[in-house]
Amino acid sequence: MAHSPPEQFAIIPLIPIRMGDSYLSFTNSSLFMPPTISLVLLSVSLVTLNGGHLVPNARQSLVEMIHDFVPNSVNERISGVSKEKFFPPIFVTFTFPLFRNPQGMILYSFTVTSHFIITLGLSPSLSLGITIVGSRTNGLPSFSFFPPPGVPLPLAPFPVLSELIPHGSRALSLGIRLFANMMAGHSSVKISSGSARTMLSMRGLLFPAHLAPLSVVFASTGSESGVAISQAYVSTTLIRIHSNDAINLH
């Protein structure tokens, strides 16, 4: 059991693998990645098996609601002929944290999205894909927002740089937001749980006093569970906004 909040985020090699100077060990982070993919595929397979039910049951309704959320949000937020191209990345962006983050709340589990290297690999690839689709849709005018209209040519490099920095920060902001929320939330749950355990082990406390630390633990756990699930919606919303900006130039 981890004795301090940061210890729960430690990468532990389970199967050490060395190839020359490369260290490619199978870690606890790698161990908890396949269950996420398996859970998504299993949920979809159980519903689509034998064509599903004409009158959906609770499980089929839940999966259909998750699936329908993405195309509905794409149609609502993104306009243009190329909006269908954004369905696969937005669906992955939605389902990955939706199924992965809550699993990190299970005892002795591991929160993969609490590591910046994981979220960093997700957000820049999405930003690059959005930029490519926008440039293929609009051509060179898709980069017209870099030099604002009316700026003299000798002064153009300065506003271009000021526009390029926030545009490039989009590739990092999505990953930073997800990793920071997961790390901060899980750390707060660990701290509150440790404080509650210390209070419960104190002698001389009356029984009603035990309810206070327990209520704090339940409240922090419920709050972090809500944050873990809501990050899927937040990430999807930001991707939709960026996608619409790439297609529909302002």
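**Reading helices, rings and burial**

Reader: Let's begin with the layout. In what order do the elements of the protein run from the N terminus on?

Author: They run β-β-β-β-α-α-α-α-α-α-α. That comes to seven helices and four strands. Keep in mind that this is a predicted model.

Reader: Okay, next topic: packing. At what angle do the axes of α3 and α4 cross?

Author: For helix α3 (residues 58-77) and helix α4 (residues 87-103), the angle is roughly 135 degrees, and the axes come within 10 Å. Angles over 145 count as roughly antiparallel and 65 to 115 as roughly perpendicular, so α3 is oblique to α4.

Reader: And is the crossing of α3 and α4 left-handed or right-handed?

Author: The α3 and α4 crossing is right-handed.

Reader: Which residues make the contact?

Author: From α3 you have Ile 66, His 67, Phe 69, Val 70, Pro 71 and Val 74. On the α4 side, the list is Phe 87, Ile 90, Phe 91, Phe 94, Thr 95, Leu 98 and Phe 99. Sorted by character, the residues of this α3 with α4 contact give 11 nonpolar, two polar and no charged.

Reader: I see plenty of Phe there. How do I read an aromatic pair?

Author: A pair of aromatic rings is described by the distance of the centres and the angle of the planes. Searching the whole structure turns up three aromatic pairs. Take Phe 116 and Phe 179: their ring centres are 5.3 Å apart and the planes sit at 45 degrees, so this pair is tilted.

Reader: Where in the chain do Phe 116 and Phe 179 lie?

Author: In distant parts: Phe 116 is in helix α5 (residues 116-138) and Phe 179 in helix α6 (residues 157-200), 63 residues apart.

Reader: Which residues do ring pairs link into a cluster?

Author: Phe 69, Phe 94 and Tyr 233. You've met two of those names already: Phe 69 of α3 and Phe 94 of α4 belong to the helix contact.

Reader: Now burial. Is Ser 29 buried or exposed?

Author: Buried means under 20% relative accessible area. Ser 29 has 8%, so Ser 29 is buried. Ser 29 lies in helix α1 (residues 28-31). Leaving aside residues up to four places away in sequence, Ser 29 touches Ile 11, Phe 110, Val 112 and Ile 118.

Reader: And Phe 116, from the tilted pair?

Author: Phe 116 comes out partly exposed, at 27% relative accessible area.

Reader: What about the protein overall?

Author: Of its 250 residues, 32% are buried. As for contacts between residues at least 6 apart in sequence, 68% join residues at least 24 apart.

Note on methods
Residues numbered from 1 in each chain as written. Predicted model: local features only at pLDDT ≥ 70, side-chain atom pairs only at ≥ 80, totals over all residues. Heavy atoms only, no water. Axes fitted to C-alpha atoms, helices over the stretch in contact; angles between N-to-C directions. Helix = DSSP H or I, 4+ residues; strand = E, 2+ residues; numbered from the N terminus. Parallel < 35°, antiparallel > 145°, perpendicular 65-115°, else oblique. Left-handed = near helix turned anticlockwise from the far one by under 90°. Contact = heavy atoms within 4.5 Å. Nonpolar A, V, L, I, M, F, W, Y, C, P; charged D, E, K, R; others polar. Phe/Tyr/Trp six-rings, centres within 6.5 Å; stacked < 30°, edge-to-face > 60°. Buried < 20%, exposed > 50% of the residue type's maximum accessible area, 1.4 Å probe, protein only.
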